[in-house]
Amino acid sequence: MNQMIPAPGTMPKGKTSHIFHDIDNETYHASQGISKSGLWTIETRSPAHYKFGERVETTAFDFGEAAHFAILQPELFEAKVYRGPEDRRGNKWKDAAEFCKGEGKVLLTASDYDGVLTIRDAVHSDPWVNGIITGGDGFNEASGFWIDEATGELCRCRPDRYRRDLKMILDVKSTASAHPDAFARSVVNFGYHAQEAFYTDGLTACGEPVEAF
């Protein structure tokens, strides 16, 4: 099957849903179609914010993206993540930022870089969690596109990992606090519950049933 995308988000001819396994993160975010993040912007801010806003990258976003590489795609980590200076002040940081922009790398401070590796090691040291990430029949960072039957809109999602044998989506989140109450607030504030529903509908539409998230 032809995996090329003539225009970002375009599915193969005659298809109403498709999962692409060879789209990088930047191509996915530049693709056509509504995402959970876009819907959440409409829900929590306004349609105008969605229409005219831009995807803003933050230090928290960079840290999370680096953690995803370290945990789910360790073979790409060194190629995609750069260990920068100790802080973001001065020419050292400016030079590192220009280098990473040209190379398409995620730039972290030295302490954040080391922190990501600590998280990676902690996650994979747990046999149960490590088994979910590395075992079974599944795929990481694939991009699903589908036409919503109710609205006719093109939708898209990019689950961190999907396990066919468990019919389960695995989503990696970094958080300031692991306390149940604090994380519950994060679920509400960032719409993780909406993500669960949207991703479940999306993968199911693409022929990959979901029974757990």
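Hi everyone. Let's begin with what an aromatic pair is: rings of Phe, Tyr and Trp (its six-membered ring) pair if their centres lie within 6.5 Å. What we are looking at is a predicted model, and a search of the whole structure finds eight such aromatic pairs.

One of them joins Phe190 and Tyr192. Their ring centres sit 6.1 Å apart, with 25 degrees between the planes. Is that pair stacked or edge-to-face? It is stacked, because planes under 30 degrees apart count that way. Looking at the partners one by one, Phe190 is partly exposed, at 47% relative accessible area, whereas Tyr192 counts as buried, at 14%.

There is also an aromatic cluster, made of Phe20, Tyr28 and Phe145. Please keep an eye on Tyr28, since a charged residue comes in here: Arg156 lies over the face of Tyr28, 4.8 Å from the ring centre.

Now for the salt bridges. How many does the structure hold? Ten. Arg164 makes one with Glu208, and the closest N and O atoms are 3.0 Å apart. Arg164 is in the loop between strands S7 and S8, while Glu208 is in the segment after helix H10, so this pair ties together parts that are 44 residues apart in sequence. Arg164 is partly exposed at 32%, but Glu208 is buried at 11%. The two also belong to a network of salt bridges, together with Asp137.

Another salt bridge connects Glu211 and Lys167, with 3.7 Å between the closest N and O atoms. This one links distant parts of the chain too: Glu211 is in the segment after H10 and Lys167 in the loop between S7 and S8. Glu211 is exposed, with a relative accessible area of 63%, and Lys167 is partly exposed, at 32%.

A further example is Lys173 with Asp171, at 2.9 Å. Here Lys173 is partly exposed and Asp171 is buried.

Let's finish at helix H2, which covers residues 36-44. Thr41 is in this helix and is partly exposed, at 22%. Which residues does Thr41 touch, not counting those up to four places away in sequence? They are Ser46, His49 and Tyr50. And although Thr41 and Gly191 are 150 residues apart along the chain, their C-alpha atoms are separated by 10.0 Å.

Ile42 is found in H2 as well, and is partly exposed at 31%. With Leu39 and Tyr50, Ile42 forms a nonpolar patch on the surface, about 240 Å² of accessible area together. Thanks for listening!

Methods. Residues numbered from 1 in each chain as written. Predicted model: local features only at pLDDT ≥ 70, side-chain atom pairs only at ≥ 80, totals over all residues. Heavy atoms only, no water. Patch = residues over 30% accessible without salt bridge, like charges linked within 9 Å, V, L, I, M, F, W, Y side chains within 5 Å. Areas by Shrake-Rupley, 256 points an atom, 1.4 Å probe, with all protein chains shown as cover. Salt bridge = Lys/Arg side-chain N within 4 Å of Asp/Glu carboxyl O. Helix = DSSP H or I, 4+ residues; strand = E, 2+ residues; numbered from the N terminus. Buried < 20%, exposed > 50% of the residue type's maximum accessible area, 1.4 Å probe, protein only. Phe/Tyr/Trp six-rings, centres within 6.5 Å; stacked < 30°, edge-to-face > 60°. Lys NZ or Arg CZ within 6 Å of the ring centre and 35° of its normal. Contact = heavy atoms within 4.5 Å.
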